[in-house]
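Here is a guided look at a protein model, written for someone who would rather be at the bench than in a viewer. Keep the structure open beside the text and follow along.

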Amino acid sequence: MDKRFLIDQLMANLDRSARTALTASEALATEARDGATPDEKREDARAAHQVANLGQAQDRRARQALAEIDELRGFAPPRLAAGSNILLGALVEIEDAESGDGRTLFLAPVGAGVTLTGPGGDGFLTVVTPASPVGRAVMGRKVGDVVDVAVQGELREWQISYVE
């Protein structure tokens, strides 16, 4: 699979997130500044303060997304040979030992939790980072290894069935 396609898709997702956060930040800053008369602001200083804080939080969210985009620009996932250990940039398929349900993961430096689609809309992939429980569990493992991961407080056992 073309991993550059996945990185570009993740960058586009982060860009949308940054733009949304910047728009919200600007709207909240305007509301905090111009949304009430001086008398109303004095009467409800707490609300004005909360609106300003929300605007600052949206600004931080936008800056975080932009920093993650910058990190992805320089990210070049390696091609993994058959039998290789799982590294950052790997595509990993795991199967639940009990149900047989499978998931495809893309191990990226940023973007945890984002869902991507394969080229041509072929399947869904979940972005995980090495800092996430699933990312930590699969890093350094190989096809055939079984990993235990707590998901929503429940221990799940997954077998690694494919690595690219």
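Let us begin at one bridge pair: Val-149 has Arg-156 in strand E6 as its bridge partner. A word on the ground rules comes next. This is a predicted model, in which local features need a pLDDT of at least 70, side-chain atom pairs count only at pLDDT 80 or more, and totals for chains, interfaces and linings use all residues. Residues are numbered from 1 along each chain as its sequence is written, and side-chain values use heavy atoms, with hydrogens and water left out.

**How confident is the prediction?**

The pLDDT, the predictor's confidence in each residue on a scale from 0 to 100, averages 88 over the protein, and 91% of the residues score at least 70. Helices (DSSP runs of H or I, at least four residues) and strands (DSSP runs of E, at least two) are numbered from the N terminus. Among these elements, strand E4 (residues 124-128) has the highest mean pLDDT, 95, while helix H2 (residues 38-43) has the lowest, 64. Where pLDDT is low, the predicted coordinates should not be read in detail.

**The sheet**

In what order do the six strands of the open sheet run? The order is E3-E4-E2-E1-E6-E5, with mixed pairing. Strand E3 (115-117) and strand E5 (146-151) stand at the edges with a single partner strand each, so one side of each has no neighbour in the sheet. On average, neighbouring strands of this sheet are turned by 40° against each other, direction ignored; the axes behind such angles are lines fitted to C-alpha atoms, for helices over the stretch in contact, and angles run from 0 to 180 degrees between N-to-C directions.

Two strands count as paired if DSSP finds at least two bridges between them. Strand E1 (residues 91-96) pairs with strand E2 (residues 102-107) in the antiparallel sense over five bridges, and Leu-91 stands opposite Phe-106 in E2. E1 also pairs in the antiparallel sense with strand E6 (residues 154-163), over five bridges; here Glu-95 stands opposite Gln-159 in E6. E6 and E5 are antiparallel too, joined over six bridges. The hairpin of E5 and E6 has two residues between the strands, and Gln-152 takes a positive phi near 50° there.

**A buried aspartate in strand E1**

Is Asp-96 buried or exposed? Asp-96, which lies in strand E1, has a relative accessibility of 8% and therefore counts as buried; buried means under 20% relative accessible area, exposed over 50%, and partly exposed in between (1.4 Å probe, protein chains only). Its side chain makes a polar contact with the side chain of Arg-156 at 2.6 Å. Such a contact is a pair of N or O atoms within 3.5 Å; within protein, one must be able to donate a hydrogen and the other to accept it, and residues adjacent in sequence count only if both atoms are side-chain atoms. Apart from neighbours within four places in sequence, Asp-96 is in contact (heavy atoms within 4.5 Å) with Asp-101, Arg-156, Glu-157 and Trp-158.

**A buried alanine in helix H1**

Ala-18 lies in helix H1 (residues 3-34) and is buried, with a relative accessible area of 1%. Leaving aside neighbours within four places in sequence, the residues in contact with Ala-18 are Ala-62, Ala-65 and Leu-66. Ser-132 is 114 residues from Ala-18 along the chain, and their C-alpha atoms are separated by 22 Å.

**Salt bridges along the helices**

Side chains of opposite charge can pair when their charged atoms come close. With a salt bridge taken as a side-chain nitrogen of Lys or Arg within 4 Å of a carboxyl oxygen of Asp or Glu, the count comes to five. The table lists three, including two in helix H1.

| Pair | N to O distance |
|---|---|
| Arg-4 and Asp-8 | 3.3 Å |
| Arg-19 and Asp-15 | 2.8 Å |
| Arg-63 and Asp-59 | 3.0 Å |

Why are Arg-4 and Asp-8 separated by about one helical turn? They are four residues apart in helix H1, which accounts for that spacing. Arg-19 and Asp-15 are likewise four residues apart in H1, and Arg-63 and Asp-59 are four residues apart in helix H3 (residues 45-73).

As for exposure, Arg-4 is partly exposed at 32% relative accessible area, and Asp-8 is partly exposed at 40%. Arg-19 counts as exposed at 55%, whereas Asp-15 is partly exposed at 25%. Asp-59 is partly exposed, with a relative accessible area of 26%.
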